[in-house]
Each structure stands twice: as structure tokens, then as C-alpha cells.
Amino acid sequence: MKRYIMGLMAAIVCLSVSCHREMTDDSRGYLYLNVDNDSAEEVIVKAAEPVTTPYIVEIYNSSGLIHKFDDHTTLTADSPLELLIGTYTVKAMNRDFANESFQEYFAAERQVRILPDQTLSFDMTCVRKDVRLSVEFPVEFSELFKKYEVRVTNGRGNELVLSNSPDPDDPCQASLNDVASFDVTGQLSWSLYLKNMDSADDNDKGGIYVSETKTYTDLKAGDHYHLKFDLAEPEDVDGVFALR
């Protein structure tokens with residue numbers, strides 16, 4: 001899903017006393033942004049709903065970050081950002097932190113130059129920058145297991161948990177209907193954890209075991225791994241089941 005950031009910068013004219021234009025170190029221009037959404041789909045899995053939250057905008061010069069706006073809509077034609085003439089890098093993103101989250105991540109950046117007596121318009125296309133993982137379990141799991149969850153990590157930051165009984169106070173846990181989003185680091189690992197119905201309580205470590213783990217390494221931004229678990233035919237061994 002594309003996100004478009006539209007920008008327009010207008011430079012003002014500096015006049016000397018003799019009415020000749022003079023470029024000085026404090027010559028200034030203005031910048032403001034507008035956001036639009038396009039329903040065109042260029043990622044592997046389409047998002048259920050378009051992102052409608054405000055975009056974060058960061059503006060950098062050669063010294064680093066000089067301006068940050070949590071809501072791009074505060075930069076309008078009626079209230080533009082005043083900038084000295086020069087070269088800037090404008091970054092836009094739908095959330096502040098690129099790594100682990102249950103919210104998808106779109107971002108873009110563009111280098112622009114403020115010039116006096118010149119109007120510059122430009123487009124920024126915000127594209128998906130994350131890799132995502134979602135899960136699907138058959139209804140039989142709720143009859144066989146007290147707890148079942150998939151834990152996901154990209155080797156950096158926090159582990160995210162997709163669970164049938166997530167802790168509402170833990171921001172790193174979500175329901176099985178949610179989607180885990182990560183920065184692309186070159187790896188994505190997941191583990192399946194199951195708790196038997198006859199486990200006494202959550203402290204009964206013997207009732208939890210890992211039945212499957214896997215790591216993906218050939219990753220690129222926009223990938224969405226959807227894990228669909230199912231039960232295989234029962235084996236002829238007491239107390240054993242198989243996943244497929």
C-alpha cells in the first residue's frame with residue numbers, strides 16, 4: 001500500500017535597500033506537507049484497513065535533526081515551516097520506532113533544497129519497510145491446549161508474542177488475530193509454545209513445551225509470513241500428536 005507525502009516549498013525574496021536582490025546567510029523559505037492515500041497494492045499481503053493516523057515528519061540538515069512533527073497536518077499552507085535556504089533531508093513515517101510492533105511500518109525520505117525566489121513541489125512515496133508474521137490455528141487447538149502461542153523475534157529488540165490468551169498489560173503480547181511487525185535485519189525466528197490442558201497453572205513449566213521452531217533468512221521489506229498450523233493424523237503412540 002502506498003502512502004504519498006506531498007510537499008511544497010516557497011522561497012521568499014530578500015531585497016536590499018537599493019532594491020537589488022541579495023542572497024544572505026539568513027535568507028529563508030517555507031515548507032509544508034500534505035498526506036494522501038493511494039489504494040494501489042504493491043506488497044505481498046494487503047492491509048485490512050488503510051493507515052489513517054498522522055505521519056511523523058523529521059527534517060534534517062548537515063548538523064542532524066532540526067525539526068520533528070508528530071502530526072504532519074500541522075504543516076499547512078497557512079502555517080508553513082520557515083527554513084534557511086539550503087539542503088535538507090525530509091523523512092516521513094507512520095510510527096516513531098521501526099522495530100518490533102503490532103502496527104505496520106511505512107516510511108520514506110527525500111533530499112530537497114530551499115532556494116530563494118523559487119517554488120519547489122515534490123512527492124514522497126511512503127512504502128512498507130517492515131517484515132511481518134501472522135498465525136492461524138484450527139478450532140481444535142482450543143479443545144486440546146490451555147495455552148498456545150507463537151513467539152517471534154528478528155534478533156534485535158523485544159520478542160513479540162501472538163497468543164490465544166495474551167497478557168493485556170504486556171505491550172509485547174497480542175491476540176492470534178494480530179500481526180507482528182519487525183525491522184528487516186536479515187533474520188526472523190519463531191517458536192510455537194503449547195500448554196497442555198492438564199497443566200496445573202502457569203508456573204507448571206512441565207506443561208509447556210516447544211513443538212516447532214524456524215528461522216527465515218532470505219527477507220526483504222514487504223514480506224509477510226503467514227503460519228497456518230494444523231493437526232496431522234494421530235500417531236500410534238500414547239500422548240503424542242503431530243503438527244503439519
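Me: Among contacts between residues at least 6 apart in sequence, what percentage join residues at least 24 apart in this chain?

Reply: In this predicted model, 65% of the contacts between residues at least 6 apart in sequence join residues at least 24 apart. The chain holding these contacts has 1 helix and 16 strands, and buried residues make up 38% of its 244 residues.

Me: How many salt bridges are counted, and how should one read them?

Reply: Side chains of opposite charge can pair when their charged atoms come close. Here the count is 10 salt bridges. One of them joins Lys68 to Glu58, with the closest N and O atoms 4.0 Å apart. Lys68 belongs to strand E4 and Glu58 to strand E3, so this pair ties together parts that are 10 residues apart in sequence.

Me: Is Glu58 buried or exposed?

Reply: A residue is termed buried when its relative accessible area is under 20%. Glu58 has 10% and is therefore buried, whereas Lys68, with 38%, is partly exposed.

Me: Which residue forms a salt bridge with Glu104, and where does Glu104 lie?

Reply: Glu104 is found in the loop between strand E6 and strand E7. Its side chain meets that of Arg128 in a salt bridge, at 3.0 Å from N to O. Arg128 lies in strand E8, so the pair ties together parts that are 24 residues apart in sequence. Arg128 counts as buried at 5% relative accessibility, and Glu104 is buried at 11%. Salt bridges with shared partners join Glu104, Arg128, Asp130 and Arg132 into one network.

Terms used:
Residues numbered from 1 in each chain as written. Predicted model: local features only at pLDDT ≥ 70, side-chain atom pairs only at ≥ 80, totals over all residues. Heavy atoms only, no water. Helix = DSSP H or I, 4+ residues; strand = E, 2+ residues; numbered from the N terminus. Buried < 20%, exposed > 50% of the residue type's maximum accessible area, 1.4 Å probe, protein only. Contact = heavy atoms within 4.5 Å.
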